[in-house]
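This report covers a few strands, their turns and one loop residue. View the sequence and model first.

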Amino acid sequence: MLTPRPRPAGAQHFGADDQLNPNLLIPGVTVRRYTEPAGGIRLDVAVPCCGRLARLRRGLDHAQALIGCPFCGLAYDVTVIDELDGGHAALFKVREEEVTLARRRHKSGPRDRP
Ligand SMILES: [Zn+2]
């Protein structure tokens with residue numbers, strides 16, 4: 001019988017029911033999460049970092065989306081997976097980039113003025 005080898009850093013995977021420490025969400029880590037129907041072709045899914053909900057469109061099988069959490073500064077590549085039982089899962093992969101939101105307008109207006 002083989003002993004499981006330690007996984008290489010940055011290539012960890014967490015299943016849908018795994019608890020995870022947000023400190024482990026480094027680029028390359030993948031996390032599977034269940035989605036909830038949100039009407040029509042929309043699905044809600046909780047981001048792995050803080051559990052806030054992001055809304056996805058189900059669309060095609062294996063549809064790709066980009067989700068950013070502005071609260072945690074994390075961005076994910078997300079693949080929607082049809083589980084063929086009426087449900088959908090979302091596979092999150094942590095990206096290298098940080099997320100920053102454009103929040104407010106410049107005081108002098110949208111463009112630089114003399
Ligand atoms: Zn978050």
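## Pairing rule

Two strands count as paired if DSSP finds at least two bridges between them. The model discussed here is predicted.

## Strand β2 against β3

Strand β2 spans residues 30–37 and is joined to β3 by three bridges. The two strands run antiparallel. P37 sits opposite L43 of β3.

A hairpin links β2 and β3, with four residues between them. In that turn, G39 has a positive phi of about 95°.

## Strand β3 against β4

On to the next pairing. Strand β4 covers residues 53–57, and five bridges join β3 to β4. This pair is antiparallel too. R42 faces R57 of β4 across the pairing.

β3 and β4 also form a hairpin, with six residues between the strands. There G51 adopts a positive phi near 80°.

## The two faces of β3

Which side chains of β3 are buried? L43 and V45 are; they point to one face. R42, D44 and A46 point to the other face and are not buried. Side chains in a regular strand alternate between the two faces of the sheet. Strand β3, residues 42–46, shows this alternation.

## A loop residue: L84

L84 lies in the loop between β6 (74–82) and β7 (88–98). Its phi is positive, about 65°, although L84 is not a glycine.

Is L84 buried or exposed? The cut-off for exposed is 12 or fewer other C-beta atoms within 10 Å. L84 has 8 C-beta neighbours inside 10 Å, so L84 counts as exposed.

Definitions and conventions. Residues are numbered from 1 along each chain as its sequence is written. This is a predicted model: local features need pLDDT of at least 70, side-chain atom pairs count only at pLDDT 80 or more; totals for chains, interfaces and linings use all residues. A residue is buried if 20 or more other C-beta atoms lie within 10 Å of its own, exposed if 12 or fewer, and partly exposed in between; C-beta atoms are placed from the backbone.
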